[in-house]
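Colleague: I'd like to go through this model with you before I get back to the bench. Can we start with the empty space and move on from there?

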Amino acid sequence: MDSIKLRARAKINLSIDIKGIFEDGYHDLEMVMQSINLSDYILIRKVNQGFKMTSSNPDVPLDKKNIIYKTWNLLKEKYSIDGGIEVFLEKNIPIAAGMAGGSTDSAAIFVGINRLFELGLSEDEMIEDSKELGSDIAFCIKGGTYLATGKGTNLKKLLGLDRNIKILVCKPNVFVSTKRVYKKFDAMYKESFDVAYRPDNETLLSGLKNRDSQKIVDGMGNVLEPVTKSWCKDIQRIENTMKKFGAYSTMMSGSGPTVFGFFKDYKSINKCSSILKKRYSQTYITSASNKGVEICGNK
């Protein structure tokens, strides 16, 4: 095998709660993550030596700053891989958007390099290695729906959203730094963590288990949303527009600024999408998925 093509799915958060901060500075999280079908596509090809990357999106860094390079370098060094790679990234997931776009690309590199160079790593071994690079990569390797706790790498599989639910995703025309969001959250709540806007994960988990859409909506919440909203007013505007056109639930994903909404019919979601797209080009209609990284071609 000389090349491999992978599909790397984005995620949305159905909930994010922060319970505290560990001694090493990482946050103690409790969140529910859901894979969606909005995806990047990555083609990896073996070459004799080195690393070269190209992308469909000019905003993607192509050097050592990119997590794709960092993932390749980690695997090459740890497993003494002989040879190099060329990577083409078809970037469809919004950048710096709270949708694990970088993490899912990294997950695809783990899966692709493992297969392409016949490393023989198990899923658990890839996940353990991924912890050196980021906490969301573990979820992206698995895909589907999971309750993530601790630093975000303790994963418990859940029954996911009904795949018939129509999901509208809209990213404001700004980039948001995850580090900046968490830093501001810490400044606001570090002493007491007395956060008024918390999810009810117990209700959310019950809703997912029993396919109870009302309980799912009642349990959803994101403690980071008020933080990001404080400097990105478009989040509320997008949520208001989605509700106006029939969304029965809206929320910010991750550290933002992307907003998603749940719709019951195509007519409503299509109308809302066309309105939002006039102002926000990164607006997508998608659906839930029970898969993460997927191999979709090799030769």
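**Pockets, a helix and the cysteines**

Modeller: This is a predicted model. In it, the lining of the largest pocket draws at least two residues from each of β1 (3–21), β2 (27–47), α1 (67–78), α2 (101–116) and α5 (178–189).

Colleague: What volume does the largest pocket have?

Modeller: The largest pocket holds about 1700 Å³ of space. It is lined by 46 residues, and Ser103, Leu133, Gly134, Asp136 and Thr178 are the closest to its centre.

Colleague: How many residues of that lining are nonpolar, polar or charged?

Modeller: The lining of the largest pocket has 19 nonpolar, 15 polar and 12 charged residues.

Colleague: And closed space: how many cavities of 30 Å³ or more are there in the whole structure?

Modeller: The search finds one. The volume of the largest cavity is about 30 Å³.

Colleague: Which residues line the largest cavity?

Modeller: Its lining consists of Leu161, Ile165, Ser213, Ile216, Val217, Tyr248 and Phe262. Helix α7 (residues 213–219) gives the largest share, three residues. Six of the lining residues are nonpolar, one is polar and none is charged.

Colleague: Back to α2. Is the helix mostly covered or mostly open?

Modeller: Mostly covered, as 14 of the 16 residues of α2 are buried.

Colleague: What span should α2 have, and how far apart are its end C-alpha atoms?

Modeller: With 16 residues at 1.5 Å a residue, α2 should span 22 Å. The end C-alpha atoms are 22 Å apart, so the two values agree.

Colleague: What comes just after α2?

Modeller: Glutamate 118, which takes a positive phi of about 50 degrees.

Colleague: Different topic. How many disulfides does the search find?

Modeller: Zero in the whole structure. Cysteine 140, for one, is in no disulfide, and the nearest cysteine sulfur, in cysteine 296, is 16 Å away.

Colleague: Is cysteine 140 buried or exposed?

Modeller: Cysteine 140 counts as buried because its relative accessibility is 2%, and the cut-off for buried is under 20%.

Colleague: Why is there no bond between cysteine 272 and cysteine 170?

Modeller: The sulfur of cysteine 170 is the closest cysteine sulfur to that of cysteine 272, but they are 8.0 Å apart, so they are too far for a bond. A disulfide here needs the two sulfur atoms within 2.5 Å.

Colleague: And what is the relative accessibility of cysteine 272?

Modeller: It is 0%, so cysteine 272 counts as buried.

Definitions and conventions
Residues numbered from 1 in each chain as written. Predicted model: local features only at pLDDT ≥ 70, side-chain atom pairs only at ≥ 80, totals over all residues. Heavy atoms only, no water. 1 Å grid on protein atoms, 1.4 Å probe; cavity = no way out; pocket = protein on both sides within 12 Å on 5 of 7 lines; lining within 4 Å. Points joined across faces, edges and corners; volume = space filled by probe spheres on them. Helix = DSSP H or I, 4+ residues; strand = E, 2+ residues; numbered from the N terminus. Nonpolar A, V, L, I, M, F, W, Y, C, P; charged D, E, K, R; others polar. Expected span 1.5 Å × (residues − 1). Buried < 20%, exposed > 50% of the residue type's maximum accessible area, 1.4 Å probe, protein only.
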